[in-house]
Protein chains: 2
Amino acid sequence: MFTTYIVLTLMTYTKALAFSQEQQEVARIAKLLSHPARIAILEHLAETKSCISGDISKVLPLSRTTVSQHLQELKSAGLIKGEIEGLTVCYCIDQEVFDEARKVMEQLLHRIKSVCCSDQCDC
Amino acid sequence: MFTTYIVLTLMTYTKALAFSQEQQEVARIAKLLSHPARIAILEHLAETKSCISGDISKVLPLSRTTVSQHLQELKSAGLIKGEIEGLTVCYCIDQEVFDEARKVMEQLLHRIKSVCCSDQCDC
DNA sequence: TATGTATGTCGTAAACATACGTCATAGTAT
DNA sequence: ATACTATGACGTATGTTTACGACATACATA
């Protein structure tokens, strides 16, 4: 009875666990890229070709707090690294992790190829 | 005063508009792929190599209502097409739209390449 | 030591996403 | 016509994300 209640409570928003590891992995990566701010942060880190030791929020239309939050998401996912350098924090892309994420993403994108409705309907 | 209130109200969750068109486009595509159910749906549509005329929820660990909702998201984004075929609806991938989305996604993924911290820090 | 500057942390409000039950609709078949 | 079946539409509860202000912390420098 108690167990059933817990299961039912957890069911909302946790059905993701019922899908394959790979599907979850792709979804996780896609989620990281699903906000323009995080795209902008990654692009900025790539463009500067060096660590960002300064306030990235100055080049983004967001408050420092919000940017920090997005950075934290990217960092906890491993996509970027951040090292404290005196007064500032040096953020940069973890190319190894990012390349692996790209590989997973591209594999999926190329798997989605279908010959549709060859005989059943008109779409 | 009234205008200011509206602007302030709209500011939450609409900062996305302040980013570039391309950043928004990538984020939009990524968001579609950010849930395992939608990945699973796309993979299933690709695997069957034909229209799905039946209840996709039967091969997914989700209720019919929820699956229908995910299908609607993919459809309104144009990634899949759905034609009513009598009693059932024939869903299939719009390969042209999907290929374009893949292109946009891959372009971004390959743009994120940085030589990090060559001289500034140790990450 | 005090002061300034840069960053992280916490709390919170509002918007959005997920999941599902229930009802309505529309075609199929008896 | 009536019952059956498959789907869409609507409403709703719960969880998550986004955005930011306010406070705490930590280092550099005067």
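Student: Which residue of E2(A) stands opposite Ile80(A)?

Tutor: Ile93(A) stands opposite Ile80(A). This is a predicted model, in which local features need pLDDT of at least 70, side-chain atom pairs count only at pLDDT 80 or more, and totals for chains, interfaces and linings use all residues; side-chain values use heavy atoms, with hydrogens and water left out. Residues are numbered from 1 along each chain as its sequence is written, while chains are lettered from A and ligands numbered from 1 in the order in which they are written.

Student: What makes E1(A) and E2(A) paired strands?

Tutor: Strands are DSSP runs of E with at least two residues, helices are runs of H or I with at least four, and both are numbered from the N terminus. Two strands pair if DSSP finds at least two bridges between them. E1(A) (residues 80-85) and E2(A) (residues 88-93) are joined by six bridges and run antiparallel, so they meet that rule. Another bridge partner in E2(A) is Thr88(A), which goes with Glu85(A). Two residues lie between the strands of this hairpin, and Gly86(A) takes a positive phi near 70 degrees.

Student: What makes E1 and E2 of chain B edge strands?

Tutor: Each pairs on one side only. The open sheet of chain B has three strands in the order E1-E3-E2, with antiparallel pairing. Six bridges join E2(B) to E3(B), and one of the pairs is Ile80(B) with Ile93(B).

Student: Why is Glu43(B) with Arg111(A) called a salt bridge?

Tutor: The term requires a side-chain nitrogen of Lys or Arg within 4 Å of a carboxyl oxygen of Asp or Glu. In this pair the closest N and O atoms are 2.5 Å apart, so the rule is met. Two salt bridges are counted between chain B and chain A, and twelve over all chains.

Student: What makes Asp99(A) and Arg102(A) another case?

Tutor: Their closest N and O atoms are 2.6 Å apart, and they form a salt bridge. Both residues lie in helix H5 (residues 95-111) of chain A, three residues apart, about one turn of the helix.

Student: How do you know how many residues of each chain take part in the contact?

Tutor: Contact means heavy atoms within 4.5 Å. By that rule 52 residues of chain B and 52 residues of chain A take part. The side of chain B that touches chain A divides into 31 nonpolar, nine polar and twelve charged residues. Here Ala, Val, Leu, Ile, Met, Phe, Trp, Tyr, Cys and Pro count as nonpolar, Asp, Glu, Lys and Arg as charged, and the others, Gly among them, as polar.

Student: What does the area buried between the chains come to?

Tutor: Buried area is the accessible area (1.4 Å probe) that two parts lose on being put together, summed over both. Between chain B and chain A that is about 5,000 Å², with carbon and sulfur atoms giving 67%. In chain B, Phe19(B), Leu109(B) and Ile112(B) lose the most area to chain A, together 13% of what that side buries.

Student: Why are the two copies said to be related as by a two-fold rotation axis?

Tutor: Copies are superposed by least squares on the C-alpha atoms of residues with pLDDT of at least 70 in both. A turn of 180 degrees and a shift of 0.0 Å along the axis lay chain B on chain A with an RMSD of 0.1 Å. The copies are therefore related as by a two-fold rotation axis. In chain B, the C-alpha nearest the axis belongs to Ala30(B), 2.4 Å from it. The same surface serves both copies, as 100% of the contact residues of chain B recur in chain A.
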